[in-house]
Amino acid sequence: MEQTPKHNTESMKRANELSIYKLITIGTLIGIVGVYLRFAADSTMLSIVSWAILLIGSIIACKGVFRILAA
């Protein structure tokens, strides 16, 4: 007997929330800014700040991905 997929389950509805994808997009954009600043100039302070921005963007994007996986 063949099983049909259930697309209207509660976890699928939670995983398809628009707010999760907005969170991933914002995290990705913050990460892109961090990467750009990393290669924009050669300064120790700017390098540290850019790594911090990149880390924050990565954490935000991963938070959105883990929300989808937990759904």
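The buried residues of helix 3 pack against helix 2, and the exercises below work outwards from that packing. The structure is a predicted model, in which local features need pLDDT of at least 70 and side-chain atom pairs count only at pLDDT 80 or more, while totals for chains, interfaces and linings use all residues. Residues are numbered from 1 along each chain as its sequence is written, and side-chain values use heavy atoms, with hydrogens and water left out.

**Exercise 1. Describe the secondary structure of the protein and state how spread out the protein is.**

Step 1. Begin with the elements, where helices (DSSP runs of H or I, at least four residues) and strands (runs of E, at least two) are numbered from the N terminus. The protein has 3 helices and 0 strands, and along the sequence these give the pattern α-α-α.

Step 2. Turn to the radius of gyration, which is taken over C-alpha atoms and set beside a globule rule of 2.2 Å times the number of residues to the power 0.38. The protein has a radius of gyration of 18 Å, well over the 11 Å that the rule gives for 71 residues, so the protein is more spread out than a compact globule.

Step 3. Add the extent along the principal axes, where the C-alpha trace spans about 65 × 20 × 15 Å.

**Exercise 2. Check the spans of helix 2 and helix 3 against expectation.**

Step 1. Recall that the expected span of a helix is 1.5 Å times one less than its number of residues.

Step 2. Helix 2 runs over residues 18–40, and because these 23 residues should span 33 Å at 1.5 Å a residue, the 33 Å between its end C-alpha atoms agrees with expectation.

Step 3. Helix 3, with 27 residues, reaches 39 Å from its first C-alpha to its last, which is close to the expected 39 Å.

**Exercise 3. Find which residues of helix 2 and helix 3 are buried, and follow what they pack against.**

Step 1. Fix the terms: buried means under 20% relative accessible area, exposed over 50%, and partly exposed in between, using a 1.4 Å probe and protein chains only; contact means heavy atoms within 4.5 Å.

Step 2. In helix 2 the buried residues are Ile-20, Leu-23, Ile-24, Gly-27, Gly-31 and Gly-34, and they pack against helix 1 (10–15) and helix 3 (44–70). In helix 3 the buried residues are Ser-47, Ser-50, Gly-57, Ala-61 and Gly-64.

Step 3. Notice the spacing in these lists with a general rule in mind: an α-helix has 3.6 residues a turn, so residues three or four places apart point the same way.

Step 4. Look at single residues, leaving aside neighbours within four places in sequence. Gly-27 is buried because its relative accessibility is 2%, and it is in contact with Gly-57, Ile-60 and Ala-61. The C-alpha atoms of Gly-27 and Ile-60 are separated by 4.8 Å, although the two residues are 33 apart along the chain. Ser-50 counts as buried at 0% relative accessibility and touches Gly-34, Leu-37 and Arg-38.

Step 5. Ile-20, buried at a relative accessible area of 3%, is in contact with Arg-14, Ala-15, Gly-64, Arg-67 and Ile-68. Ile-68, in helix 3, is partly exposed at 25%, and its contacts are Ala-15, Ile-20, Tyr-21 and Ile-24.

**Exercise 4. Characterise the surface of the protein and the nonpolar patch that includes Phe-66.**

Step 1. Accessible areas come from the Shrake-Rupley method with a 1.4 Å probe, and for residues only the protein chains shown count as cover. The accessible surface of the protein comes to about 5700 Å², of which 68% belongs to carbon and sulfur atoms, and 17% of the 71 residues count as buried.

Step 2. A patch is made of residues with over 30% relative accessible area and no salt bridge, joining like charges within 9 Å or nonpolar side chains (Val, Leu, Ile, Met, Phe, Trp, Tyr) within 5 Å; a salt bridge is a side-chain nitrogen of Lys or Arg within 4 Å of a carboxyl oxygen of Asp or Glu.

Step 3. Val-65, Phe-66 and Leu-69 form a nonpolar patch on the surface, together with about 320 Å² of accessible area. Phe-66 lies in helix 3 and is exposed, with a relative accessible area of 55%. Ala-70, also placed in helix 3, is exposed at 61%.
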